[in-house]
Amino acid sequence: MQASPWEQDLALELSQVFQDGILSCSTYLGQNFVELRPEAALPLFLYLKEKIGFDAIVDITAVDYPKREARFDLIYIVYSYARNERLRLKIMVPDNFEPESAVPVWAGANWMEREIFDLFGIRFHGHPDLRRILLPDEWNGHPLRRDVSILAMDEDWVREHVGIESGQ
């Protein structure tokens, strides 16, 4: 991806208000991205909702880079109905770091953060009900982490609860 600097009014405003909390503002094929420090995420979320009008969270996802010091990228996509504009926000977090939950800002983040917890093992500080959402409570591991084979994760659970050898 060959992104270029995003220098429109919103990018300049965010950079001015959050200063060193913003690492970069870039754009690619009309998609605007803000990369920020984890500690700036919740204040930026609040600012985007209350001051700019980004009233909806569309998605949150994660990407695992097990060999990188900041192992995970968390990517948030927020939307402003009034502006008809999407904005992508990215924070990089190390393993065992607990980023602030976005639920106090956008209630719709609840199940998305639960999914990320379930599949990647990332815990969100302040989440109101952080528990598995897709896998059984007894499941060992987090299947979208790239350092453990999913085949090894599910063998015991399948044997115990389904009564067969996994066969994968």
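How many bridges join strand 2 to strand 3, and do these strands run parallel or antiparallel? In this predicted model, strand 2 and strand 3 run antiparallel and are joined by six bridges. Within this pairing, serine 24 lies opposite glutamate 35 of strand 3. The two strands form a hairpin with two residues between them, in which leucine 29 adopts a positive phi near 50°.

The protein as a whole comprises four helices and six strands. Read from the N terminus, its elements follow the order β-α-β-β-α-β-β-β-α-α. Along the principal axes, the C-alpha atoms of the protein occupy a box of roughly 60 × 30 × 25 Å.

The six strands assemble into an open sheet with mixed pairing, arranged in the order 1-2-3-6-5-4. Strand 1 (4-5) and strand 4 (56-64) are the edge strands, each of them pairing on one side only. At one edge, strand 1 is antiparallel to strand 2, and two bridges connect them; here proline 5 has serine 26 of strand 2 as its bridge partner. Further into the order, strand 3 (residues 31-36) is joined to strand 6 (residues 85-93) by four bridges, and this pair runs parallel. Leucine 36 is placed opposite isoleucine 91 of strand 6.

Two of the helices can be described by their position on this sheet. Helix 3 (residues 109-120) packs on the sheet, where it touches strand 4 and strand 5, and its direction makes about 10° with that of strand 4. Helix 2 lies across strand 2 (22-28), strand 3, strand 5 (72-80) and strand 6, and runs at about 170° to strand 6.

Helix 2 also packs against another helix. Helix 1 (residues 9-18) and helix 2 (residues 41-52) meet at an angle of about 130°, and their axes are 12 Å apart. Angles from 35 to 65 degrees or from 115 to 145 degrees count as oblique, and helix 1 and helix 2 are therefore oblique to each other. Their crossing is right-handed. On the side of helix 1, the contact is made by Leu10, Glu13, Leu14, Val17 and Phe18, while helix 2 contributes Pro43, Leu44, Tyr47, Leu48 and Ile52. Of the residues in this contact, nine are nonpolar, none is polar and one is charged.

Aromatic rings were also examined. A pair of such rings is described by the distance of the centres and the angle of the planes. With centres required to lie within 6.5 Å, the count comes to five aromatic pairs. One of these is formed by phenylalanine 18 and tyrosine 47, with 5.5 Å from centre to centre and 85° between the planes, an edge-to-face arrangement. This pair links distant parts of the chain, as phenylalanine 18 belongs to helix 1 and tyrosine 47 to helix 2, 29 residues apart. Both residues also appear in the contact between helix 1 and helix 2.

Technical notes:
Residues are numbered from 1 along each chain as its sequence is written. This is a predicted model: local features need pLDDT of at least 70, side-chain atom pairs count only at pLDDT 80 or more; totals for chains, interfaces and linings use all residues. Side-chain values use heavy atoms; hydrogens and water are left out. Axes are lines fitted to C-alpha atoms, for helices over the stretch in contact, and angles run from 0 to 180 degrees between N-to-C directions. A crossing is left-handed if the near helix is turned anticlockwise from the far one by less than a right angle, and right-handed if clockwise. Contact means heavy atoms within 4.5 Å. Ala, Val, Leu, Ile, Met, Phe, Trp, Tyr, Cys and Pro count as nonpolar, Asp, Glu, Lys and Arg as charged, and the others, Gly among them, as polar. Two strands pair if DSSP finds at least two bridges between them. Rings of Phe, Tyr and Trp (its six-membered ring) pair if their centres lie within 6.5 Å; planes under 30 degrees apart count as stacked, over 60 as edge-to-face and the rest as tilted.
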